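User: I am new to this structure and would like to know how its descriptions are reached. Could you take me through some of them?

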Amino acid sequence: MKCSIPKGTRDFLPAEMARRNYIFDTIREVFKTFAFEPIETPSLENLSTLMGKYGEEGDKLLFKVLNSGDFMDGVDFSQDYHKVAPRICERGLRYDLTVPFARFVVQHRDQLTFPFRRYQLQPVWRADRPQKGRYREFYQCDADMIGSTSLLNELELVQMIDAVFQRLGVEVTVKINNRKVLAGIAEHIGAPDKLVDITVAIDKLDKIGLDNVRAELRERGLDDSQIAALDPVFALTGDAAAKLSQLATLFAGNEVGTKGVEELKELFGYIEQVKPQCHVELDLTLARGLNYYTGAIFEVKAHNVSIGSICGGGRYDNLTGIFGMPDVSGVGISFGADRIYDVLTELDKFPANLGQPARALFINFGAESLPYAISCAAKLRASGISTLIYPDNAKMRKQMDYANRCHVPFVIFVGENEIAAQTLTVKDMTAGTQSTLTLDEVVALLKA
């Protein structure tokens with residue numbers, strides 16, 4: 001039988017895991033410096049929790065899990081799929097970490113202190129068509145604040161994005177918009193009931209171009225005059241302040257659009273105070289397809305690579321209300337670890353020594369030298385130095401070849417002379433030099 005895994009999933013070899021953990025550890029450390037707390041939620045959620053939260057396209061990408069037992073008993077399969085599915089599938093794999101987080105907050109509200117700040121690094125699943133940078137199983141690294149409407153929270157998201165990508169050595173652009181501005185645009189062109197259709201279409205502008213966006217808007221029921229009324233929005237020029245000033249004029253008398261402009265002015269004012277190293281810009285075509293966003297929205301793209309968004313998020317005011325806890329606003333971001341991995345690979349930004357499983361390898365000379373080698377190896381490990389003892393008394397050439405193939409930088413020899421003098425002979429595999437040292441000197445060398 002041929003071994004294989006499902007399309008859109010991957011195995012990770014040790015060297016790949018070292019690189020992935022470098023990404024996870026970097027993101028986690030930034031989250032911790034901003035006082036976020038870790039949680040985890042199950043891979044499986046009730047479909048009633050997931051359905052209807054991601055829009056029509058998102059619902060189609062949910063992996064639904066068949067019920068156990070005789071799930072087909074009494075089901076009329078001549079009915080429409082949407083009527084049959086809830087009968088045979090009561091659970092699904094989570095599509096993202098935000099909706100499960102909203103469920104978590106409602107379920108554990110009495111155990112949390114608000115505003116609550118959580119981070120979460122776990123896999124999610126989407127029944128998407130696998131392609132470069134797009135997988136069916138992938139990790140998200142989320143941070144959310146819930147229980148506060150302050151735009152200082154949005155500022156901190158920008159600061160965390162800046163900190164993460166500074167540490168990873170990647171230049172990025174943070175694109176920012178506000179769903180209230182998009183709602184104001186829909187109202188301005190006389191199509192407030194078409195907000196979802198407008199946001200889904202213009203969110204594809206970078207991918208399919210303006211003409212195709214117009215065609216999709218037409219397919220979604222907007223007439224030519226409404227589509228033409230969007231042109232002044234696409235044509236806005238200048239920096240964020242200039243664009244917002246023009247929008248404020250455009251939205252005169254438009255309450256929801258004006259509110260969005262005011263929020264963006266406040267946020268960009270905060271950003272100007274901290275002066276992040278990453279590039280931050282106002283992008284009025286940014287929509288973020290998820291329906292639960294209600295305020296500021298973010299998307300991050302890396303420079304000099306063809307990969308799409310590597311981080312995104314936004315403000316959601318009504319998500320916990322769906323689960324019976326209204327009037328609790330939240331905002332968060334999600335780092336796409338798998339796409340960040342591809343970016344770092346393409347830009348050659350991973351540190352050189354990440355795949356190094358051991359700092360030192362003791363050559364096995366047989367039973368007489370093993371007790372001393374075992375004792376010294378234990379002391380090296382106690383000092384935080386990753387250490388191996390070759391398990392078999394094999395030929396020297398085989399043991400040295402193993403050290404080379406595993407990229408072990410130091411090989412340690414323990415023979416009669418070393419045991420008698422209570423020393424170790426250490427070979428630097430990179431420089432090709434060899435020296436005899438005390439154990440304390442070896443610890444200092446390997447920690448340097």
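User: Which residues in α1 meet α15, and which residues in α15 do they meet?

Analyst: Happy to help, and please keep in mind that this is a predicted model. From α1 come E16, R19, R20, Y22, I23, F24 and I27. In α15 they meet A337, D338, I340, Y341, L344 and T345. By class, this contact of α1 with α15 has eight nonpolar, one polar and four charged residues.

User: Why is α1 called roughly perpendicular to α15?

Analyst: The axes of α1 (residues 14-33) and α15 (residues 337-347) come within 10 Å and cross at roughly 115°. That crossing makes α1 roughly perpendicular to α15, because angles of 65 to 115 degrees count as roughly perpendicular. The crossing of the two helices is right-handed.

User: Which residues of α15 are buried, and what do they pack against?

Analyst: The buried residues of α15 are A337, D338, I340, Y341, D342, V343 and L344. Their packing partners are α1, β6 (137-146), α6, β9 (296-302) and β11 (330-336). Just after α15 comes D348, with a positive phi near 55°.

User: One of those partners is α6. How do you know whether N153 counts as buried or exposed?

Analyst: N153 has its place in helix α6, which covers residues 152-168. Its relative accessibility is 9%, and buried means under 20%. N153 therefore counts as buried.

User: Which residues does N153 touch?

Analyst: Leaving out residues up to four places away in sequence, N153 touches R117, M145, S148, R315 and V331. V331 is 178 residues apart from N153 along the chain, while their C-alpha atoms are separated by 7.3 Å.

User: Why is helix α8 described as largely enclosed by the rest of the structure?

Analyst: Helix α8 runs over residues 195-202, and six of its eight residues are buried, so it is largely enclosed by the rest of the structure. The buried ones are D197, I198, T199, V200, A201 and I202. They pack against α3 (55-60), α7 (179-188), α9 (205-208), α10 (210-219) and α12 (231-234).

User: Now for the strands. What makes β13 and β16 edge strands?

Analyst: They belong to an open sheet of five strands, in the order β13-β12-β14-β15-β16 and with mixed pairing. Strands β13 (387-389) and β16 (434-437) each pair on one side only, and they are the edge strands. On average, neighbouring strands of this sheet are turned by 25° against each other, direction ignored.

User: How do you know that β12 and β13 pair, and in which sense?

Analyst: Two strands pair if at least two bridges are found between them. Strand β12 (residues 360-362) and β13 have three bridges, and they pair in the parallel sense. Within this pairing, A360 stands opposite T387 in β13.

User: To finish, what does the whole chain look like in numbers?

Analyst: The chain has 19 helices and 16 strands. Its C-alpha trace spans about 90 × 65 × 45 Å along the principal axes. Of the 448 residues, 49% are buried. Among contacts between residues at least 6 apart in sequence, 69% join residues at least 24 apart.

Technical notes
Residues numbered from 1 in each chain as written. Predicted model: local features only at pLDDT ≥ 70, side-chain atom pairs only at ≥ 80, totals over all residues. Heavy atoms only, no water. Axes fitted to C-alpha atoms, helices over the stretch in contact; angles between N-to-C directions. Helix = DSSP H or I, 4+ residues; strand = E, 2+ residues; numbered from the N terminus. Parallel < 35°, antiparallel > 145°, perpendicular 65-115°, else oblique. Left-handed = near helix turned anticlockwise from the far one by under 90°. Contact = heavy atoms within 4.5 Å. Nonpolar A, V, L, I, M, F, W, Y, C, P; charged D, E, K, R; others polar. Buried < 20%, exposed > 50% of the residue type's maximum accessible area, 1.4 Å probe, protein only.
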